[in-house]
Amino acid sequence: MKSLNGDKVVSIISEQTVFCPNHGKYQSRNVIGKTWTTCPRCQKDESDALEAVAEQKRRQDKQNELQRRVGEACIPARFRDRTFEVFNANSDSLRFALDFALEYANNFDDVLRAGRSAIFHGNPGTGKTHLSVAIGLYIMSHDQRTVLFSTALRMIRRVKDCWKRDSVDSESKIISLFASPDLLIVDEVGVQFGSEAERIIMFDILNERYEKRRPTIFLSNLDREGVVEFMGERVIDRLREDGGMFIAFDGESYRPNLAP
Ligand SMILES: Nc1ncnc2c1ncn2[C@@H]1O[C@H](COP(=O)(O)OP(=O)(O)OP(=O)(O)O)[C@@H](O)[C@H]1O
Ligand SMILES: [Mg+2]
Ligand SMILES: [Zn+2]
C-alpha cells in the first residue's frame, strides 16, 4: 500500500494489553522500536522501594552526622545517653532546673540571639552535667547546632600550652576555638586554682563569646556567692547583661541510685 505522497505505510500498533503476573492486565504503550512500557503498578512498587532505601540512607547519614557532632563536642562517653527523657525530677528545685533546661533547648534560637548564658550550681551528683549535656544533645540533633564540652581546667591548660616555646598554636587561635561553638559548656568551674592568670584566660574566652553573643553554660559545685567570687565581677556582669541565670541544684547526690 502506498500513501498519497508515495511512501510505504507501515501499520503501527501503539498500545496493547499485557498481563502482569503480580497485577493482572494493563495497557502497555510503545515507546520506541521494541520498547514497551512496563506495568505501572510494578513501576510504582519499584520506585517506592527505591525511595524507602534512599530514606533509610538519609536517616543513616543524619545519624552518622550526629555521632560525628557528638564526638567533636567532646561530650564524655558516660553522658552521651543523658537526655531529658531519662532525667528524674523528683524535687521542686530539680523540676525547676529541668523546665529551665527544656525551655533553653527548645528556644535555642532565642537563646542565641540574646547570647543568654546560665550557671548550674550546687551539690555533687545532682544532675548539673546531665542536664547541660541533655541541652547539648538536643540542640545538636534538632537544630544542627555546634556544641563544645570542656572543663575549666582543660580550657585553661589548652591556652597555657600556647605559652610554651615549642607550641604550634597561638593563644588567640585557641581562644577563638572556644569562642566558636554555638554553645560552650564549661564544667567544674571553681576546681582550678583561680590564679589571676587563669581568671584572665577565662575572661578572654568569655569576653570573645560575649562579643559574638554566644551563650555558655557553667557548672560549679560552689554556691552562688562562690561562683561570683570565683569568676569575677567582670564576667558575671556580662552574663547578667544578656539575661544569664543562676540555676540551683539542691538535694542529695543521685549517684547512689545508679546501678553499678
Ligand atoms: N535527676 C536525675 N535523674 C536521673 N539521673 C540523674 C539525675 N541526677 C543525676 N543523675 C545521674 O547521676 C550521675 C551524676 O549526675 P551528674 O554528673 O550530672 O551530677 P553533677 O551535678 O554534675 O555532679 P558533680 O558536681 O559531682 O559533677 C549521672 O550519671 C547522671 O546521669
Ligand atoms: Mg558534673
Ligand atoms: Zn505489575
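Two strands pair if DSSP finds at least two bridges between them. Helices (H or I, at least four residues) and strands (E, at least two) are DSSP runs, numbered from the N terminus.

The model is predicted: local features need pLDDT of at least 70, side-chain atom pairs count only at pLDDT 80 or more, and totals for chains, interfaces and linings use all residues. Residues are numbered from 1 along each chain as its sequence is written, while chains are lettered from A and ligands numbered from 1 in the order in which they are written.

**Exercise 1.** Find the strand order and the edges of the three-stranded sheet.

*Solution.* Step 1: the sheet is open, its order is β1-β2-β3, and its pairing is antiparallel. Step 2: β1 (15-20) and β3 (35-36) are the edge strands, as each pairs on one side only. Step 3: strand β2 (residues 24-32) is joined to β3 by two bridges. For Asn30, the bridge partner in β3 is Trp36.

**Exercise 2.** Describe the sheet of five strands, and state why one side of β5 and of β8 has no neighbour in the sheet.

*Solution.* Step 1: this open sheet has the order β5-β6-β7-β4-β8, with parallel pairing. Step 2: β5 (147-151) and β8 (245-249) are at the edges with a single partner strand each, so one side of each is left without a neighbour in the sheet. Step 3: on average, neighbouring strands of this sheet are turned by 15° against each other, direction ignored (axes are lines fitted to C-alpha atoms, for helices over the stretch in contact, and angles run from 0 to 180 degrees between N-to-C directions). Step 4: strand β6 (residues 183-189) and strand β7 (residues 216-220) run parallel and are joined by four bridges. Ile185 has Ile217 in β7 as its bridge partner.

**Exercise 3.** Work out which residues surround ligand 1.

*Solution.* Step 1: a residue is near a molecule if its C-beta atom, placed from the backbone, lies within 6 Å of it. Step 2: 17 residues surround ligand 1, and the closest are Pro124, Gly127, Thr129, His130 and Tyr254. Step 3: helix α4 (residues 128-143) gives the most to this shell, with three residues.

**Exercise 4.** Compare the radius of gyration of the chain with that of a compact globule of 260 residues.

*Solution.* Step 1: the radius is taken over C-alpha atoms, and the globule rule is 2.2 Å times the number of residues to the power 0.38. Step 2: the rule gives a value near 18 Å, but the chain has 31 Å. Step 3: along the principal axes, the C-alpha atoms fill a box of roughly 105 × 50 × 35 Å.
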